Amino acid sequence: MKKRLPTSTAGSLPKPAWLAEPEKLWSPWKLQGAELEDAKRDALRLSLQEQQHAGIDIVSDGEQTRQHFVTTFIEHLDGVDFAKRETVRIRNRYDASVPTVVGAVSRPKPVFVDDARFLRSQTDQPIKWALPGPMTMIDTLYDSHYKSREKLAWEFATLLNQEARELEAAGVDIIQFDEPAFNVFFDEVNDWGVATLERAIEGLKCETAVHICYGYGIKANTDWKKTLGSEWRQYEETFPRLQASSIDIVSLECHNARVPMDLIELIRGKKVMVGAIDVANHGVESAEEVAATLRRALQFVEADKLYPCTNCGMAPLPRDVARGKLAALSAGAEIVRRELGA
Ligand SMILES: [Zn+2]
């Protein structure tokens, strides 16, 4: 990456109302069959164009072709029964009706590879593709087959690695694994969570990232954050292990979060996608607010390793708010670039 402070988003962006009901997670599609497939591609193109219009440097598909960042990947696997649903507590926080693992899991065919190839055909910019991480996958399921979170995580890591290798071959520059579960299950992260993540990136030559956040701006998450006290020190539990791992980039939440900025020091040497946009709030940041967050982060990460980003995905936000936030991210990064004399 030649440009300093290249901007990107954590992943998801709002979908158009003709594709799915807006401002909602797990929103059902409004079309079916060939019409739906066409509409998803159209939405991906629009999402790319909005990122480009806002001046985002590392672009994504805006997750327009998936209903949810975890379940859509799982839906494409064998061994998971989507009709057999159980209610489980996700990330120790909220109940959701989830599918059941009923047999050995496998990936009969690629999940996102055609979509990634399509995005690649639409732009010469660097592209980033998000996949769920193994631990977050097992936390969004009921398992009646393996009966071991760790064992199932290793199985998923193998399947994710197959998908990641094909995404790399399709021309993806950065493959990101979303692991919000890393902010909750610290013992498991250190026992086997990071190890399964490293299994998922085994053999990749493209860059790899892990995204660890405090979640979308939904009520269950904002209620949870209220219980975390005046300082959110969750990253302290997992960053030393991540610093020693082979992951290239860590994507984290900063702006408006009570995360002490100096925790970034714990991953010194890694590239850091610094969340400078709050996704839990409809107010659009000013460029100066974004710049202030980036300047604070620069105390703990070298300028050539700082990647301005959003705190999390923006799928549940109104489209105009998301557009405003993308533009603010770009403008704020540009202020700091000029200060650095880039
Ligand atoms: Zn997130």
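This is a short walk through one protein chain, from its overall build to its zinc site.

Okay, hi everyone. Before anything else: what you see on the screen is a predicted model, so please keep that in mind throughout.

Let's start with the whole chain. There are 10 helices and 9 strands in it. The radius of gyration is 19 Å, and the globule rule gives 20 Å for 342 residues, so the chain is as compact as a globular protein of that length. If you lay the C-alpha trace along its principal axes, you get a span of about 55 × 45 × 40 Å. Of the 342 residues, 58% are buried. And if you take the contacts with a separation of 6 or more, 76% of them come from residues 24 or more positions apart. As for the outside, the accessible surface is about 13400 Å², with 47% of that belonging to carbon and sulfur atoms.

Now the sheets. One is an open sheet of 6 strands, and reading across you go E3-E5-E6-E7-E8-E9, with parallel pairing. Its edges are E3, residues 128-132, and E9, each of which pairs on one side only. Neighbouring strands there are turned by 25 degrees against each other on average, ignoring direction. Helix H5, residues 149-169, packs on this sheet, where it touches E3 and E5, and its direction makes about 170 degrees with that of E3. Over towards E9, strand E8, residues 271-275, is joined to E9 by 4 bridges, and the two run parallel. If you want one pair to click on, Val-272 has Leu-306 in E9 as its bridge partner. Helix H9, residues 287-297, lies across E8 and E9, at about 145 degrees to E8.

The other sheet I want to show has 3 strands, in the order E1-E2-E4, open again, but with mixed pairing. E1, at 78-90, and E4, at 142-143, are the edge strands. E1 and E2 run antiparallel and are joined by 9 bridges; Arg-89, for instance, stands opposite Asp-95 in E2. And here H5 comes back: H5 also lies across E2 and E4, running at about 70 degrees to E2.

While we're around H5, a quick look at helix H3, residues 113-122. Which residues of H3 are buried? Those are Val-113, Asp-115, Ala-116, Phe-118 and Leu-119. The buried residues of H3 pack against H1, E3 and H5.

Right, the metal. What coordinates the zinc ion? The donors are NE2 of His-211, SG of Cys-213 and SG of Cys-312, at 2.1 to 2.2 Å. Along the chain, the spacing of the donors reads H-x1-C-x98-C. The two cysteines link distant parts of the chain, 99 residues apart. Cys-213 sits in the loop between strand E6 and helix H7, while Cys-312 sits in the loop between strand E9 and helix H10. Both Cys-213 and Cys-312 are buried.

Last stop, helix H7, which is where you'll find Asn-221. Is Asn-221 buried or exposed? It counts as buried, because its relative accessibility is 3% and the cut-off for buried is under 20%. Leaving aside neighbours within four places in sequence, Asn-221 is in contact with Arg-93, Tyr-94, Tyr-214, Gly-215 and Tyr-216.

That's my tour, thanks. Who wants to drive the viewer?

Key
Residues numbered from 1 in each chain as written. Predicted model: local features only at pLDDT ≥ 70, side-chain atom pairs only at ≥ 80, totals over all residues. Heavy atoms only, no water. Donors = N, O, S within 2.8 Å, 3.2 Å for Na, K, Ca; no water. Buried < 20%, exposed > 50% of the residue type's maximum accessible area, 1.4 Å probe, protein only. Pairing = 2+ DSSP bridges. Axes fitted to C-alpha atoms, helices over the stretch in contact; angles between N-to-C directions. Contact = heavy atoms within 4.5 Å. Rg over C-alpha atoms; globule rule 2.2 N^0.38 Å. Areas by Shrake-Rupley, 256 points an atom, 1.4 Å probe, with all protein chains shown as cover.
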